[in-house]
Amino acid sequence: MEGCFVVHLFSIWDREWHIVPRKDANAALLSNFEVFQLLTDLKQQRKESGKSKQSSGQQNLNTIMYETLKYISKTPCRYQSPETVREFLIAMKGHKLTKAEKLQLLNHRPVTAVEIQLMVEESEERLTEEQIESLLQTVASILPGDPEEQQRDSAMETEGRGSQ
Amino acid sequence: MFVLVEMTDTVRIPPWQFERKLNESIAEELNKKLANKVVYNVGLCICLYDITKLEDSYIFPGDGASHTKVHFRYVVFHPFLDEILVGEIKSCSQDGVHVSIGFFDDIVIPPESLQQPAKFDEAEQVWVWEYETEEGAHDLYMDIGEEIRFRVVDETFVDTSPTGPSSAEASTSNATEEVQKKEAPYTLVGSISEPVLTGTGEETAKDWS
């Protein structure tokens with residue numbers, strides 16, 4: 001909807017800028033993957049629309065986008081897709097983890113039991129060893145990791161079997 | 001690490017931008033105002049997520065620009081308490097290890113939260129963790145550029161808006177000390193005093209378990 005202009009005869013209000021932060025901060029958590037997608041789309045859009053008209057004003061946005069993208073690209077989320085994230089969350093339903101814990105598992109893709117203990121609060125009481133193992137299995141199978149590493153691991157496995 | 005925050009603001013569009021689509025102008029203005037800036041008690045703003053509601057635009061007497069009240073959602077960097085983050089060691093000093101995550105630099109791990117026992121090596125200006133095993137003590141140097149995994153234990157917001165004229169008298173006496181201490185508006189305090197919280201994943205679990 002294009003803005004429609006109305007001439008007002010009152011004086012200019014105080015320009016006060018009002019922040020309404022969400023009280024339930026947890027409801028608005030974003031995964032690294034979502035931010036990664038958003039920033040790559042934005043970067044694509046800006047590239048397509050040509051040189052930004054007011055480059056001086058856009059410098060802050062450029063800086064933060066570049067740095068954030070650089071950081072997020074080094075995390076496991078660069079191999080993720082909306083389908084894998086959805087699959088992951090469905091698989092996590094049975095494990096009774098809080099939103100924050102699932103988010104950390106999604107962002108970090110832990111491969112060892114010690115990492116799970118770090119991210120899940122009171123994991124010794126809430127999860128048995130088998131549950132931790134099954135969690136690790138789910139994470140490793142659903143969330144894609146570094147494809148080079150995975151090739152190396154599977155190559156080592158076949159070597160091991162061969163030598164036996 | 002990132003949250004979506006709902007905000008409202010009145011955006012001013014100058015007349016020479018009236019030919020552009022309103023949504024684009026507003027998005028650009030909001031990003032110009034907020035991107036890469038810390039909002040008090042909210043966090044470090046990254047970029048606009050979407051515009052949820054646009055109210056009517058008004059033009060006021062004396063100013064040819066349009067003013068539009070906008071409801072929007074912004075992506076903000078605001079890690080929750082006890083979240084695990086991975087960063088890079090930027091420097092070490094007496095007050096601890098300074099870590100950076102590229103887009104955010106004000107993370108400090110104070111000496112109490114380092115793996116104990118830890119000591120500060122004055123010569124090389126690095127913190128060292130003296131790790132004891134059966135074979136003897138190993139020294140883990142926290143070198144610059146090393147990746148470090150830490151837990152967020154505290155955050156501090158400082159209001160850095162300019163102070164009013166009451167500080168004018170104080171400033172005349174401090175005329176010689178021109179440089180005022182620049183306080184970071186948003187700082188995080190981290191901790192690594194837990195198993196596996198040094199270095200990244202694989203080697204740590206194998207070597208120091």
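Student: Which residue stands opposite H98(B) of β6(B)?

Tutor: In this predicted model, S91(B) is the residue opposite H98(B) in β6(B).

Student: How many bridges hold β5 and β6 of chain B together, and in which sense do they pair?

Tutor: Strand β5 (residues 84-93) of chain B pairs with β6(B) over five bridges, in the antiparallel sense. The connection is a hairpin, with two residues leading from β5(B) to β6(B).

Student: Which residue stands opposite H98(B) in β7(B)?

Tutor: That is V108(B). Strand β7 (residues 107-109) of chain B runs antiparallel to β6(B), and three bridges join them.

Student: Which residue takes a positive phi in the hairpin of β6(B) and β7(B)?

Tutor: G102(B) does, with a phi near 85°. This hairpin has six residues between its strands.

Student: Why is β6(B) described as largely enclosed?

Tutor: Strand β6 (residues 96-100) of chain B has five residues, and four of them are buried, so the rest of the structure largely encloses the strand.

Student: Now salt bridges. How many are there over all chains?

Tutor: The count comes to eight over all chains. One of them is formed by the side chains of E115(A) and R149(B), at 3.1 Å from N to O. E115(A) belongs to helix α5 (residues 113-119) of chain A and R149(B) to strand β11 (residues 147-157) of chain B, so this pair joins two chains.

Student: Are those two residues buried or exposed?

Tutor: E115(A) is buried, its relative accessible area being 3%. R149(B) also counts as buried, at 6% relative accessibility.

Student: Which residue forms a salt bridge with D9(B)?

Tutor: K33(B) does, and the closest N and O atoms are 2.9 Å apart. D9(B) lies in strand β1 (residues 2-13) of chain B and K33(B) in helix α1 (residues 22-34) of chain B, so the bridge ties together parts 24 residues apart in sequence. D9(B) counts as buried at 3% relative accessibility, whereas K33(B) is partly exposed at 32%.

Student: And where do D63(B) and R12(B) lie?

Tutor: D63(B) is in the loop between β3 (43-59) and β4 (66-77) of chain B, and R12(B) is in strand β1 of chain B; the pair links distant parts of the chain, 51 residues apart. Their salt bridge has its closest N and O atoms 3.0 Å apart. D63(B) counts as buried at 18% relative accessibility, while R12(B) is partly exposed at 31%.

Student: Turning to chain A, what is its average pLDDT?

Tutor: The average is 75, and 69% of the residues score at least 70. Among its elements, helix α2 (residues 59-72) of chain A has the highest mean, 91, and strand β1 (residues 5-7) of chain A the lowest, 46.

Student: Where does pLDDT stay under 50 in chain A?

Tutor: It stays under 50 over residues 1-26 of chain A, for which the model has 48 contacts beyond four places in sequence. Where pLDDT is low, the predicted coordinates should not be read in detail.

Student: How many helices and strands does chain A have?

Tutor: Its secondary structure comes to eight helices and two strands. Along the sequence the pattern is β-β-α-α-α-α-α-α-α-α.

Student: What share of chain A is buried?

Tutor: Of its 164 residues, 34% count as buried. The accessible surface of chain A is about 10,700 Å², with 52% belonging to carbon and sulfur atoms.

Student: What share of its contacts join residues at least 24 apart?

Tutor: The share is 66%, among contacts in chain A between residues at least 6 apart in sequence.

How values were computed:
Residues are numbered from 1 along each chain as its sequence is written. Chains are lettered from A and ligands numbered from 1 in the order in which they are written. This is a predicted model: local features need pLDDT of at least 70, side-chain atom pairs count only at pLDDT 80 or more; totals for chains, interfaces and linings use all residues. Side-chain values use heavy atoms; hydrogens and water are left out. pLDDT is the predictor's confidence in each residue, from 0 to 100. Helices (H or I, at least four residues) and strands (E, at least two) are DSSP runs, numbered from the N terminus. Contact means heavy atoms within 4.5 Å. Buried means under 20% relative accessible area, exposed over 50%, partly exposed in between (1.4 Å probe, protein chains only). Accessible areas come from the Shrake-Rupley method with a 1.4 Å probe; for residues, only the protein chains shown count as cover. A salt bridge is a side-chain nitrogen of Lys or Arg within 4 Å of a carboxyl oxygen of Asp or Glu. Two strands pair if DSSP finds at least two bridges between them.
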